[in-house]
Structure formats: C-alpha cells, structure tokens
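Please have the model open in a viewer with side chains available for display. The tour below goes from one selection to the next and says what is found at each stop.

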Amino acid sequence: MNELNKLRDKIDIIDKEMAWLFEKRMCLIDQIALVKKKENLQINDSLREEKMFENNKQYINNKKFVKCYKMFLKSNTYISKLYMKNKLNINNVLLQNNFI
C-alpha cells in the first residue's frame, strides 16, 4: 500500500466518526427547531454562532487551521439552519437530495 492510500485510509476512519457525530448533532438540531418554534425564536442566532467559534477554537492545536475551522463551523450552522427552516416550513425552504 502506498503512502497516499495509507493517508486516505486514515481519513476514511475519521470521516466515519464525523458521520456519527454529524447525525448526533442533527438529532439535537431537530430538537432545537421544535424549541425555537415553541418559544417563537428566530432560527438565526449570529451571537451564538460567534460564541460557538470563540469557545471551541481553543481545541484546534495547530493554529494554521483556525480559519478553516471557522469555515467548517459556518458550513455546519448553514446546514443546520436550512434543516430547521425546512422542518418548520419557513420561507418555503425545501431540502432536496443535492441542495448543496
């Protein structure tokens, strides 16, 4: 096995873990959508998003990846907001199999 394949195998293992964490996160987003609807709260919460980054960037040991981590979080929150809007049928957002 060459070096590239070995590295890709390691990424595959991490991707499996990330898929599990993504599903776990989305289950919580599902619940958050219902709470926001019940309490008549906005889907967007930019202060929460920025706080989430500020609280978690400390876990990125290699500082050259901090900006990438922020983009990663932004993409997660984008997907989460789309999902919540779809679940709550806000702004006629429709999630399709290839919406991104």
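A salt bridge, as the term is used here, is a side-chain nitrogen of Lys or Arg within 4 Å of a carboxyl oxygen of Asp or Glu. The model is a predicted one, and by that criterion the structure holds 4 salt bridges.

**Salt bridges between the helices**

Select Glu-50 and Lys-70 to begin with, and display their side chains: the two form a salt bridge in which the closest N and O atoms are 3.5 Å apart. This pair links distant parts of the chain, since Glu-50 belongs to helix α2 and Lys-70 to helix α3, with their positions 20 residues apart in sequence. Both partners fall into the partly exposed class, Glu-50 with a relative accessible area of 34% and Lys-70 with one of 27%.

Next, select Glu-49 and Lys-81, whose side chains meet in a salt bridge at 2.9 Å, N to O. Glu-49 lies in helix α2 and Lys-81 in helix α3, so this pair ties together parts that are 32 residues apart in sequence. Are the two partners buried or exposed, or in between? Glu-49 is partly exposed, with a relative accessible area of 21%, whereas Lys-81, at 19% relative accessibility, counts as buried. The two values fall on either side of the cut-off, because buried means under 20% relative accessible area.

Then move to Lys-87 and Asp-30, which form a salt bridge with their closest N and O atoms 3.1 Å apart. Here the link runs between helix α3, which holds Lys-87, and helix α1, which holds Asp-30, and the two residues are 57 residues apart. Lys-87 counts as partly exposed at 34% relative accessibility, and Asp-30 counts as partly exposed as well, at 23%.

**The largest pocket**

Now hide the salt bridges and turn to the largest pocket, which has a volume of about 700 Å³. Of the 23 residues that line the largest pocket, select Arg-25, Ile-29, Met-52, Asn-76 and Ser-80, which are the closest to its centre. Colouring by helix is useful at this point: α1 (3–38), α2 (46–56) and α3 (66–87) each supply at least two residues of the lining. Which helix gives the most to the lining of the largest pocket? That helix is α1, with 9 residues. If the lining is coloured by residue class instead, it divides into 12 nonpolar, 4 polar and 7 charged residues.

**The second largest pocket**

For the second largest pocket, which holds about 180 Å³ of space, select Leu-41, Gln-42, Ile-43, Leu-88 and Ile-90. These residues lie nearest its centre, among the 11 residues that line it. The lining of the second largest pocket divides into 4 nonpolar, 4 polar and 3 charged residues.

**Two loop residues**

Select Asn-40, which is found in the loop between α1 and α2. What is the phi of Asn-40? Its phi is near 55 degrees, a positive value in a residue other than glycine, and at 70% relative accessibility Asn-40 counts as exposed.

From there, go to Asn-61, which lies in the loop between α2 and α3 and is exposed, with a relative accessible area of 72%. Adding Leu-88 to the selection and drawing a line from C-alpha to C-alpha gives a separation of 38 Å in space for two residues that are 27 residues apart in sequence.

**Aromatic rings and cysteines**

Select Phe-53, Tyr-69 and Phe-72 and show their rings, for these three residues form one aromatic cluster. When rings are counted as paired if their centres lie within 6.5 Å, the count comes to 2 aromatic pairs. In the viewer, a pair of aromatic rings is described by the distance of the centres and the angle of the planes.

As a last stop, select Cys-27 and Cys-68. Cys-27 counts as partly exposed at 43% relative accessibility, and Cys-68 counts as partly exposed at 45%. How many disulfides does the structure hold? The structure holds 0 disulfides.

Definitions and conventions
Residues are numbered from 1 along each chain as its sequence is written. This is a predicted model: local features need pLDDT of at least 70, side-chain atom pairs count only at pLDDT 80 or more; totals for chains, interfaces and linings use all residues. Side-chain values use heavy atoms; hydrogens and water are left out. Rings of Phe, Tyr and Trp (its six-membered ring) pair if their centres lie within 6.5 Å; planes under 30 degrees apart count as stacked, over 60 as edge-to-face and the rest as tilted. A disulfide is a pair of cysteine sulfur atoms within 2.5 Å. Buried means under 20% relative accessible area, exposed over 50%, partly exposed in between (1.4 Å probe, protein chains only). On a 1 Å grid over the protein atoms alone, a cavity is a set of points where a 1.4 Å probe fits but cannot get out, and a pocket is an open set with protein on both sides within 12 Å along at least five of seven lines; lining residues have an atom within 4 Å of a point. Grid points are joined across faces, edges and corners, and a volume is the space filled by probe spheres set on the points. Helices (H or I, at least four residues) and strands (E, at least two) are DSSP runs, numbered from the N terminus. Ala, Val, Leu, Ile, Met, Phe, Trp, Tyr, Cys and Pro count as nonpolar, Asp, Glu, Lys and Arg as charged, and the others, Gly among them, as polar.
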